[in-house]
Amino acid sequence: MNEPKKLCRVEHGAMLAGVCGGIAEYFNLDPGIIRLLWVIFCFAGTVGIWLYIAAAIILPKKSEAYPGY
């Protein structure tokens, strides 16, 4: 049976912590677009930086979310 998709950090193809890659994979988007949006969001204020750090701490790695991956 198909399991629902889980939001998690990617380990392969990650630039920093894999947050943007995980978000892009979850929504089936290009990781470059997500990274660009995140940079724009960071320049809009420091909230983007704090959200990235929080997501890097909270989101599990893909190997932890999907055992055997």
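Where is Glu3 found? Glu3 sits in the segment before H1. With a relative accessibility of 56%, Glu3 counts as exposed, because anything over 50% falls in that class. If you look from Glu3 across to Ile23, you travel 20 residues along the chain, and the two C-alpha atoms are 18 Å apart.

**The overall picture**

Keep in mind that you're looking at a predicted model. The predictor gives the protein chain a mean pLDDT of 87, with 97% of the residues at 70 or more. Among the elements, H1 comes out highest with a mean of 93, and H4 comes out lowest with 80.

So what is the chain built from? The secondary structure comes to four helices and zero strands. Read from the N terminus, the order of the elements is α-α-α-α. Along the principal axes, the C-alpha atoms fill a box of roughly 40 × 20 × 20 Å. The chain has 69 residues, and buried ones make up 28% of them.

**Before the helices begin**

Back to the segment before H1, which is also where you'll find Arg9. Is Arg9 buried or exposed? Arg9 has a relative accessible area of 14%, so it is buried, since the cut-off for buried is under 20%. The side chain of Arg9 also reaches the backbone oxygen of Ala56, at 3.4 Å. That gives you two charged residues to compare in this segment: Glu3 is exposed, while Arg9 is buried.

**One salt bridge**

Side chains of opposite charge can pair when their charged atoms come close. How many salt bridges does a search of the whole structure find? The search turns up one. Its partners are the side chains of Lys62 and Glu25, which meet at 2.3 Å, N to O. Lys62 lies in helix H4 and Glu25 in helix H1, so the pair ties together parts that are 37 residues apart in sequence. The contact between these two side chains also counts as a polar contact, again at 2.3 Å.

The partners have their own settings. Lys62 counts as buried because its relative accessibility is 11%, whereas Glu25, at 37%, counts as partly exposed.

**Helix H4 and what follows**

Helix H4 covers residues 62–65, and Lys62 is part of it. Ala65 lies in H4 too. Ala65 has a relative accessibility of 11%, so it counts as buried. Pick out Ala55 next: Ala65 and Ala55 are 10 residues apart along the chain, and 15 Å separates their C-alpha atoms.

After H4 comes a segment that holds Gly68. Gly68 is exposed, with a relative accessible area of 85%. Gly68 and Cys20 are 48 residues apart in sequence, and from C-alpha to C-alpha they are 22 Å apart in space.

**A loop residue with a positive phi**

Now go to the loop between H1 and H2, where Asn28 lies. Asn28 isn't a glycine, yet it has a positive phi of about 55°. Asn28 counts as exposed because its relative accessibility is 63%.

Here are the residues met so far, side by side:

| Residue | Relative accessibility | Class |
|---|---|---|
| Glu3 | 56% | exposed |
| Arg9 | 14% | buried |
| Glu25 | 37% | partly exposed |
| Asn28 | 63% | exposed |
| Lys62 | 11% | buried |
| Ala65 | 11% | buried |
| Gly68 | 85% | exposed |

**The largest pocket**

Rolling a probe the size of a water molecule over the atoms shows where empty space is left. The largest pocket has a volume of about 180 Å³. Its lining includes Ala14, Met15 and Leu16, as well as Arg35, Trp38 and Tyr52. Cys20, the residue paired with Gly68 in the distance above, is one of the lining residues too.

Which helix gives the most to the lining? That is H2, with four residues. Helix H1 (19–26) and helix H2 (31–43) each supply at least two residues of the lining.

As for chemical character, the lining divides into nine nonpolar residues, two polar and one charged. Try finding these groups in the structure: Arg35 and Trp38 are among the lining residues, and Arg35 is the charged one, because Arg counts as charged while Trp counts as nonpolar.

Notes. Residues numbered from 1 in each chain as written. Heavy atoms only, no water. 1 Å grid on protein atoms, 1.4 Å probe; cavity = no way out; pocket = protein on both sides within 12 Å on 5 of 7 lines; lining within 4 Å. Points joined across faces, edges and corners; volume = space filled by probe spheres on them. Polar contact = N/O pair within 3.5 Å; in protein donor to acceptor, adjacent residues only side chain to side chain. pLDDT = per-residue confidence, 0-100. Salt bridge = Lys/Arg side-chain N within 4 Å of Asp/Glu carboxyl O. Buried < 20%, exposed > 50% of the residue type's maximum accessible area, 1.4 Å probe, protein only.
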